Amino acid sequence: MRNRFDQLDRPAVISILSWPAWARRAPAALYTIALFYGGCADIGLPTVPEVPFDKITHFGAFLGLEWLLELALAEAAAAPRRRAAVAMSAGAGGLLELVQAALPYRSAEWLDLLADSLGALAGAWLLMLLVRWRAPAPAEGRVPDAAEASRELP
């Protein structure tokens, strides 16, 4: 016999798809604005010859943007959502480099764009691994059909 306390040891699951569209998209938009503000500001990163802080920052920033873009596109199937999020994240990195090229106190670098793109790809890869790790195993002898496999969520 089950009682109401049986549910206390399991975390509550709230589907991302139940969120309003603006609530899924606003974090990505705000994060993108913050990235462009930081990318256009006249600030300097610590300079240590052995540590490429600039490239690490680019990598991490666009990894985070890729995750937020996947959240924004949660209603799409997994593979198209992931491709779109990587393309948009890397595209934002390219646009930021173009903007920085026009600023007198900033410079555009191909290695920054590479770090942006690699960060976006790493974000998609890590999220894919996380989803596969958290997904319940199919019942023994049962293979999930294509519809079940395409419903993968971040």
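Good morning. I begin with Ala61: leaving aside neighbours within four places in sequence, this residue is in contact with Tyr31 and Leu35. Please bear in mind throughout that what we are viewing is a predicted model.

Ala61 and Leu35 both belong to the largest nonpolar core, which has twelve residues. The remaining members are Ala28, Cys40, Phe62, Leu65, Leu69, Ala72, Ala85, Ala92, Leu96 and Leu103. Which elements give two or more residues to this core? They are helix H1, spanning 21-40, helix H2, spanning 53-72, and helix H3, spanning 78-102. Of these, H2 gives the most, with five residues.

Let me turn to two individual positions. Gln100 lies in helix H3. Is Gln100 buried or exposed? Its relative accessibility is 1%, so Gln100 counts as buried, the cut-off being under 20%. Not counting residues up to four places away in sequence, Gln100 touches Gly39, Arg106 and Ser107.

The second position is Pro27, in helix H1. Here the relative accessible area is 29%, and Pro27 is therefore partly exposed, since that value falls between the 20% and 50% limits. Pro27 and Leu71 are 44 residues apart along the chain, and their C-alpha atoms are separated by 8.8 Å.

Finally, a word on confidence. The protein chain averages a pLDDT of 83, and 78% of the residues score at least 70. Where is confidence lowest, and where is it highest? The lowest mean, 56, belongs to helix H5, residues 146-150, whereas the highest, 95, belongs to H3. H3 is also the helix in which Gln100 lies. Thank you.

Note on methods
Residues numbered from 1 in each chain as written. Predicted model: local features only at pLDDT ≥ 70, side-chain atom pairs only at ≥ 80, totals over all residues. Heavy atoms only, no water. Core = buried A, V, L, I, M, F, W, Y, C linked by side-chain atoms within 4.5 Å. Buried < 20%, exposed > 50% of the residue type's maximum accessible area, 1.4 Å probe, protein only. Helix = DSSP H or I, 4+ residues; strand = E, 2+ residues; numbered from the N terminus. Contact = heavy atoms within 4.5 Å. pLDDT = per-residue confidence, 0-100.
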